[in-house]
Amino acid sequence: MMGASLATIGLLTSGSAWLAGTGRVEAQASAPASRPAAAPQAFDYPGKDRGLRLLGDRPLVAETPEALLDDDTTPIAKFFVRNNGQIPDEAANADGWQLKIEGEVDKPLTLTIAELKARFPVHTFRMVLECGGNGRSFYQPAARGNQWTNGGAGCAEWTGVRLADVLKAAGLKPSARFTGHFGADPHLSGDTTKDAISRGMPIDKALEPHSLIVWSMNGQPLPHIHGGPLRLIIPGWPASLSSKWLNRVLVRSTPHDGQGMGGTSYRVPTVPVVPGSNVDGKTNFADMTSMPLRSIITAPANGTRIAAGTRRLDLRGAAWAGDHQVSRVEVSFDAGQRWHAMTMAAPRNRYDWVRWSGSVELPSAGYFELWVRATDSRGVSQPHVATNWNPQGYGANPLHRVAVLAA
């Protein structure tokens, strides 16, 4: 039987060690660190688990340690927080919140949430939402932005209407090729002429049946901190497209050029660049679309001490793959020399994560690192280290590693 977690350990340190006298065991990082890891800060916010780690307070950003992602459906209290601007005032009348659909449409619409609920079929899907920068801290040299480990992701039940149904009600013109999204969050500077973020996507993704306009999360009114009363959920792609406090969708004939579009913003190299290069994203870069394959161990937690006589070690976790499907999850306790297949539960719907479980037989007492590796429906597996370095650190998905000590 597994013992209690010894500590919440970050994975930014270099090397593997049992730290004598500290009662702590650390898993080695995915790549040597170029700087010491900052001590994680607890997240103190109403309704949020104190185990979340504060990554920044301007804007407010917090990630969920992997061990807190052990639920099939991520509770609101454990769901990560990502903002790009200031948090707007809370709506006094949620059902009266208005959404405008404008641009390359025959009939521009202004709809309240009450009208969305009454006019269109309502759908609920359990789907992963993931920050485009998730895994950023694994890049070397360091990339710009919040230094996420694997905690910029969660899987909630989202309830709302299909974005496709609303766009079609507005009458898409033949010239409708892209969208641009706008929210009520003020720019960090307070400049009312600037958007905190305004991203967009090809119309085909907007019309995908799992792209939703939502007002509910896990059966509750969408919390204000998560974009309530209304937001987009664009599953499988960077969460920056899932605009919070949504009040306008602009249908365009050309790619959107709002805040967070172009240059190196949510864009990755199409030709690998030298890590640390001073590139501007004007050539050989493309917008991020499908998020990369990722898997995590949610139990045991990193830093767990187990009884010295333990040989059978039970494990569980999650895996997801952007627009693709997870086909296999494996765990190794000997640095990848041998891999052991895990059992995967069937996802509830497309874009749900795969919950996996299984066990390994440890050969002895002592220190072990557990590595998890997922493979997707294309036959692509996770890399051992973060690849395709880019200035803003998108797409890093190396193997997750957890250390345990049988002693």
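1. Strand 19 and strand 21 (residues 312-320) pair in the antiparallel sense, and five bridges join them. The model discussed here is a predicted one. Within this pair, I296 of strand 19 faces A318, which stands opposite in strand 21. Strand 19 itself spans residues 294-299 and is mostly covered. Six of its six residues are buried.

2. Just after strand 19 comes a backbone feature to check. The peptide bond between A299 and P300 is cis, with omega at about 5°. P300 belongs to the loop between strand 19 and strand 20 (304-306).

3. V372 is worth a look next. Its place is in strand 26, residues 366-376. V372 has a relative accessible area of 0%, so it counts as buried. Beyond its neighbours within four places in sequence, V372 is in contact with S295, I296 and I297. V329, E330 and V331 are also among its contacts. The list further includes W339, W356, Q382, L399 and H400. I296 thus has two entries in this note: it stands opposite A318 in strand 21, and it is in contact with V372.

4. How far apart are V372 and A301 in space, C-alpha to C-alpha? The separation is 13 Å, against 71 residues in sequence.

5. Now the open sheet. Four strands make it up, in the order 4-5-6-7, and their pairing is antiparallel. Strand 4 (41-42) and strand 7 (81-82) are the edge strands, each pairing on one side only. In general, strands of a sheet pair through backbone hydrogen bonds, in either a parallel or an antiparallel sense.

6. One pairing of that sheet can be followed residue by residue. Strand 6 (residues 60-63) pairs with strand 7 over two bridges, in the antiparallel sense. A62 has V81 of strand 7 opposite it.

7. A second cis bond sits beside this sheet's strand 6 in sequence: the peptide bond from R58 to P59 is cis, with omega near 0°. P59 lies in the loop between strand 5 (53-57) and strand 6.

8. N218 deserves a check of its side chain. The residue is found in the loop between strand 13 (212-217) and strand 14 (220-221). Its side chain reaches the backbone oxygen of T74 at 2.9 Å. Setting aside residues up to four places away in sequence, N218 touches T73, T74, P75 and I76. A156 and E157 are touched by N218 as well.

9. Two residues call for a look at phi. Y266 has a positive phi of about 50°, although it is not a glycine. Its loop runs between strand 16 (246-252) and strand 17 (267-269). Is Y266 buried or exposed? Relative accessibility is 7%, so Y266 counts as buried.

10. A335 also has a positive phi, near 60°, in a residue other than glycine. A335 is found in the loop between strand 22 (326-332) and strand 23 (340-341). With a relative accessible area of 48%, A335 is partly exposed. The cut-off matters here: exposed means over 50%, so A335 stays in the class in between.

11. Places to revisit in the model. For omega, go to R58 and P59, then to A299 and P300. For phi, go to Y266 and A335. For a side-chain contact, take N218 and the backbone oxygen of T74. For burial, take V372 and strand 19.

Methods. Residues numbered from 1 in each chain as written. Predicted model: local features only at pLDDT ≥ 70, side-chain atom pairs only at ≥ 80, totals over all residues. Heavy atoms only, no water. Pairing = 2+ DSSP bridges. Buried < 20%, exposed > 50% of the residue type's maximum accessible area, 1.4 Å probe, protein only. Polar contact = N/O pair within 3.5 Å; in protein donor to acceptor, adjacent residues only side chain to side chain. Contact = heavy atoms within 4.5 Å.
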